[in-house]
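Look at the structure below. Then read on for a short tour of its parts.

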Amino acid sequence: MHINRRTFLKGAALGLAGTALPLNKADASFWEAFFQKHFREMNDAEIKKVIQRLEKEAEQKYKKAIKIGNEKAIPGVSFGYGLDLSRCIGCRRCVYGCVDENNQSKEPQIHWITVLRFKKGEKFSDLEESERYYNPREVPEPGYFYMPVQCQQCEKPPCVRACPTKATWKDPDGIVVIDYNWCIGCRYCMAACPYGARRFNWAEPGRKPEEMNPNTHYLGNRPRYKGVVEKCTFCIQRARNGRYPACVEACPVGARKFGNLLDPDSEMRNLIERKRVFRLKEDLNTYPKFYYFFAYGR
Amino acid sequence: MLFLIKNFFIALKQIFIGSKKYYLWVGFLLFLILLGVSAYMDQAERGLIITGMRDQVSWGFYISNFTFLVGVAAAAVLLVIPAYIYNFKPIKEIVLFGELLAITAIAMCLLFVVIDMGQPLRAWHILPVIGSMNFPASLLAWDVLVLNGYLAINTSIVFYVLYSLSIGKEYKMSVVVPLIILSIPWAVSIHTVTAFLYNGLSARPFWNASILAPRFLASAFCSGPAIMILLFQIIRKQSEVKIEDRALFKIAELIAYAIGMNLFLLGAEVFKEFYSGSIHSYPFKYLYFGLHGKSALVPWIWTATILNITAFFLFLLPKARENFTTLNTACIFVIIGVYIEKGLGLVVPGFVPDTLGEIYEYTPTTPEVLITIGVWAAGALIYTLLLKFAVPVYTGKLRFETKELKA
């Protein structure tokens, strides 16, 4: 076989062109997205510009206006969550309320809350005997109890330490957030999380335009991408505007509590004071801000 | 400057010189690469959903292959140590080919990491200065540093030695020795850091055991040199490179000790897990016996265990390791054994049961396997092409033009 230099060089040039980025995508928006800086390294003007671009993209995709907010953490606030195990009936309304609010993909299905079912009197705290796909005609089922699990917003989050690109971090109000435009999708955080809280977009998120919640936050429920990780943010878009997370509102039995841990008069502080609270997998020293408790007399 | 460019083309031309068999081999590899690339295009389009991975088992076949290959890359050190510290001549001559294998293995590692990423175009985010590397907190950041450092060191040594030889000069030991001395601890570091990457996660009891890093090293010193023994036999058959039997047998002896150590460490782990029997032994139970009726990995890990034990005795007995039939059988056994043990057998049980107690059975899908084969073919091609250049330089057949020659 003989290849002269001319044909070889031509071939090499074509080969190089082929490996370059797809030219049809090379419009301004593609490159702007490609070179977008880390969220925490942008100033307010840059963030504003990025949000404008993202809102435009979202509008094109879903054919409706989607507002992407950027409310910052309120000084003197550290959010905490309480869950009354003696009240939870395992109805999963928190799960569906969360999906409605936070724009998770429906096809394939992504849930941020997992409700675990346990047999009464069997192993409990190590979670090994739990069942998450229970599907009875009616809840609560006799002989069982339930424990919902979601992101525990740890004070010492192992996921944040694991992330190789600083794409996830703990904001001053204690919420662990993700910049979906900086995550490279390596899933090291998912290996590091002891609570199975993180979800990966294995495919392009599938959700109908009419199902989209248009009130979003950059670090929370805005539209996500294929190949990035997401998780519960205590409904950052609501919490930072003084509202309860959607799961708190969805719970029909009032098992879910939420408030400012730094405010001595808050519901959360009252609860920690008066009930016996525990946190999941305390032996790992992650210091969750998600408190489970048993109420008296029920 | 001009003769540098000219020399580059002399080197490049080397790739196109070859027998029919060579062209068939390269064509075969290109075909496999093409299959892998087409499967990857599908993955790039539809996402990692075409793999068997899900939220419960979020790493799979790609990261398994990555882990195995870090070991192969680290094993180049096994050749370097006796060659330079004990001045064992027959190995010294062939260290070069071991280092070429290390370069190839690292290139494959990087490919496996990139194909596992959800957003590969954002890979630059991990780099220092232009990205935002989470150093020193993230062990993955450490891994990026040590792997690329190792690649740089080995490339420098190989490039310098080959270039010196190709212009007919003797390479200076004052340049090579410090680099080699540096590469020895560095090789240990790439596998240690990769082990720590798993080891540091308290969420995963299967990995969160101090024995992990020592076992990584022991198993790497089994599979990597075994691959080299096979490759050296092919190289000396296909070219005029002389590799003494004595060198191969020495490597085989070292493998025997490494397998012995690996089996001992495995025994220590098995004892601790099963005797104490806490919930932290569940992944181990899942791996070796199955858990709640789920047992996808059981036939694999027992195959690996039997292969490793058989290989141990074949390498241990001087008569067996100095007979090429039994030696090569032992090499193939230990390569497959470690590939299973340090591949799927290490990565998947870390996720089973998952952190909330679910048992999700992972099996790689067809596209996932095709992409993996594609990366292996790419590795084989890289090594073939590197040899295509290195062998004639090494044997003195290929010499570059220099100014003096022209004058």
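The report covers one helix, a pair of strands and the contact between two chains.

## Ground rules

This is a predicted model: local features need pLDDT of at least 70, side-chain atom pairs count only at pLDDT 80 or more, and totals for chains, interfaces and linings use all residues. Residues are numbered from 1 along each chain as its sequence is written, and chains are lettered from A and ligands numbered from 1 in the order in which they are written.

## Helix 3 of chain A

Helices (H or I, at least four residues) and strands (E, at least two) are DSSP runs, numbered from the N terminus. Helix 3 of chain A covers residues 44-62. Its 19 residues should span 27 Å at 1.5 Å a residue (times one less than the number of residues). The end C-alpha atoms lie 26 Å apart, which agrees.

V50(A), L54(A) and A58(A) of this helix are buried (20 or more other C-beta atoms within 10 Å of a residue's own, with C-beta atoms placed from the backbone; 12 or fewer is exposed, in between is partly exposed). The buried residues of helix 3 of chain A line one face, because they fall within an arc of 75 degrees seen down the axis (using directions from the helix axis to the C-beta atoms). On the other side, K48(A) and Q52(A) are among the exposed residues.

## Strands 3 and 4 of chain A

In strand 3 of chain A (residues 114-119), five of six residues are buried. Six bridges join it to strand 4 of chain A (residues 144-149), and the two run antiparallel (strands pair if DSSP finds at least two bridges between them).

## Where chain A meets chain B

In chain A, 44 residues are in contact with 39 residues of chain B (C-beta atoms, placed from the backbone, within 7 Å). Helix 6 of chain A gives the largest share of chain A's side, four residues.

Notes
Contact = placed C-beta atoms within 7 Å.
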